[in-house]
Amino acid sequence: SPGLYIVATPIGNLGDITLRAVETLRGVAAVACEDTRVTGKLLQHLDIRQRLIRHDDHADDHAREGLLALMAEQPVALVSDAGTPLISDPGYRLVRAARERGIAVTSLPGPCAAVMGMTLAGLPTDRFLFAGFLPPKAKARADTLAELAAVPATLIFYETGPRLLDTLAAVAEVLPGREVAVARELTKLYEECRSGPPAELIAHYAAHPPKGEIVLMVGPPVAQVATMDDAEAMLRAELTHAKA
Ligand code: SAM
């Protein structure tokens with residue numbers, strides 16, 4: 001039936017496509033995607049011929065309206081280059097516009113690097129905060145980390161190989177005493193997950209420059225928040241500080 005079908009795709013291992021994703025990608029009238037070459041390859045691997053429409057959050061209103069008109073009449077899938085659309089990927093504006101117009105929106109769950117990283121790291125999973133990509137510039141990156149310092153949850157970031165060492169150094173400085181975990185090349189041949197104090201990981205990755213895609217996780221501020229009372233006191237101090 002007509003509507004928007006958000007479809008998660010593999011983050012490395014093509015075997016991770018779901019049965020429902022294959023069925024849906026085959027059955028829709030068109031597939032909206034970030035990069036037609038990337039999605040074209042995936043569909044070719046699945047032996048699916050489809051009409052591909054490039055779309056992202058920067059698309060102008062006219063282009064978005066065309067897509068919305070189509071999904072009001074027919075089923076349209078939305079995919080990103082890898083993983084779950086909208087998670088550090090385009091799609092938010094399209095979903096918002098579709099909902100506003102009363103178009104049916106559904107999502108087919110599947111791979112997501114942040115969630116997979118959380119399952120591997122051995123860090124607390126009861127509360128986590130996904131913070132996407134840190135800003136590339138040193139000052140803005142440190143400011144963002146400082147802003148998150150008091151959050152009593154595991155922090156999750158997306159990273160790339162060339163920036164990992166700088167980011168680990170910033171974490172060591174701005175969030176001292178926290179355990180970190182690096183999950184790399186998930187679902188691929190050289191998948192790995194290393195955890196420990198930042199200094200240990202800095203030493204390792206200085207000797208073995210990290211390639212590929214990375215999820216960086218930072219454990220919650222355990223040492224600082226020993227008890228619930230401490231946590232409340234910290235929160236109250238934060239609030240007073242914010243009001244002042
Ligand atoms: N929508 C995707 C998802 O659901 O995970 C994320 C897209 S975002 C543009 C790309 C970033 O996700 C990479 O820089 C990396 O931080 C992370 N990522 C994607 N695939 C990964 C993988 N196989 N291993 C580790 N991290 C990955």
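This is a tour of a predicted model, going from the whole chain to its sheets, its core, the ligand and a few loop residues.

**Whole chain**

Start with the cartoon of the full chain, which has nine helices and ten strands. Its C-alpha atoms fill a box of roughly 55 × 45 × 30 Å along the principal axes. Of the 244 residues, 30% count as buried. Consider next the contacts between residues at least 6 apart in sequence: 75% of them join residues at least 24 apart.

**Strands β1, β2 and β4**

Select residues 3-7, which are strand β1, together with residues 75-78, which are β4. The two strands run parallel and are joined by four bridges. For a marker, show Tyr 5, which stands opposite Ala 77 of β4. Now add residues 30-33, strand β2. Strand β2 also runs parallel to β4, with three bridges between them. Here the pair to show is Ala 32 and its bridge partner in β4, Leu 78.

**The five-stranded sheet**

Move on to the open sheet of five strands, whose order is β6-β7-β10-β8-β9 and whose pairing is mixed. At its edges are β6 (128-133) and β9 (192-196), each of which pairs on one side only. On average, neighbouring strands of this sheet are turned by 20° against each other, direction ignored. Zoom in on β6 and β7, which run parallel and share four bridges. Phe 128 has Thr 154 as its bridge partner in β7. Helix α5 packs on the sheet and touches β6, β7, β8, β9 and β10. The direction of α5 makes about 55° with that of β10.

**The nonpolar core**

Which members of the largest nonpolar core touch the most other members? Select Val 7, Ala 77, Val 180 and Met 217: these are the ones, out of 50 residues in that core. In soluble globular proteins, nonpolar side chains tend to be buried together.

Centre the view on Met 217. Beyond its neighbours within four places in sequence, Met 217 is in contact with Gly 117, Met 118, Ala 121, Leu 123, Thr 154, Leu 155, Ile 156, Val 180 and Ala 181.

**Around the ligand**

Select the ligand and the 24 residues that surround it. The closest are Gly 83, Ala 113, Tyr 158, Leu 186 and Glu 213. Colour this shell by class to find eleven nonpolar, seven polar and six charged residues. Elements that each supply at least two residues of the shell include α5 (113-121), β7 (154-160), β8 (180-184) and β10 (213-218).

**Three loop residues**

Go to Ser 88, in the loop between β4 and α4 (92-100). Its phi is near 50°, a positive value in a residue other than glycine. Ser 88 is partly exposed, because 16 other C-beta atoms lie within 10 Å.

Thr 187 is in the loop between β8 and β9. Thr 187 is not a glycine, yet its phi is positive, at about 70°. With 17 other C-beta atoms within 10 Å, Thr 187 is partly exposed.

End at His 208, in the loop between α8 (198-207) and β10. Is His 208 buried or exposed? His 208 counts as exposed because it has 8 C-beta neighbours inside 10 Å. For a last distance, pick the C-alpha atoms of His 208 and Glu 34: they are 32 Å apart in space, and the residues are 174 apart in sequence.

Note on methods
Residues are numbered from 1 along each chain as its sequence is written. This is a predicted model: local features need pLDDT of at least 70, side-chain atom pairs count only at pLDDT 80 or more; totals for chains, interfaces and linings use all residues. A residue is near a molecule or strand if its C-beta atom, placed from the backbone, lies within 6 Å of it. Ala, Val, Leu, Ile, Met, Phe, Trp, Tyr, Cys and Pro count as nonpolar, Asp, Glu, Lys and Arg as charged, and the others, Gly among them, as polar. Two strands pair if DSSP finds at least two bridges between them. A nonpolar core is a set of buried Ala, Val, Leu, Ile, Met, Phe, Trp, Tyr and Cys residues joined through C-beta atoms within 7 Å. A residue is buried if 20 or more other C-beta atoms lie within 10 Å of its own, exposed if 12 or fewer, and partly exposed in between; C-beta atoms are placed from the backbone. Two residues are in contact if their C-beta atoms, placed from the backbone, lie within 7 Å. Axes are lines fitted to C-alpha atoms, for helices over the stretch in contact, and angles run from 0 to 180 degrees between N-to-C directions.
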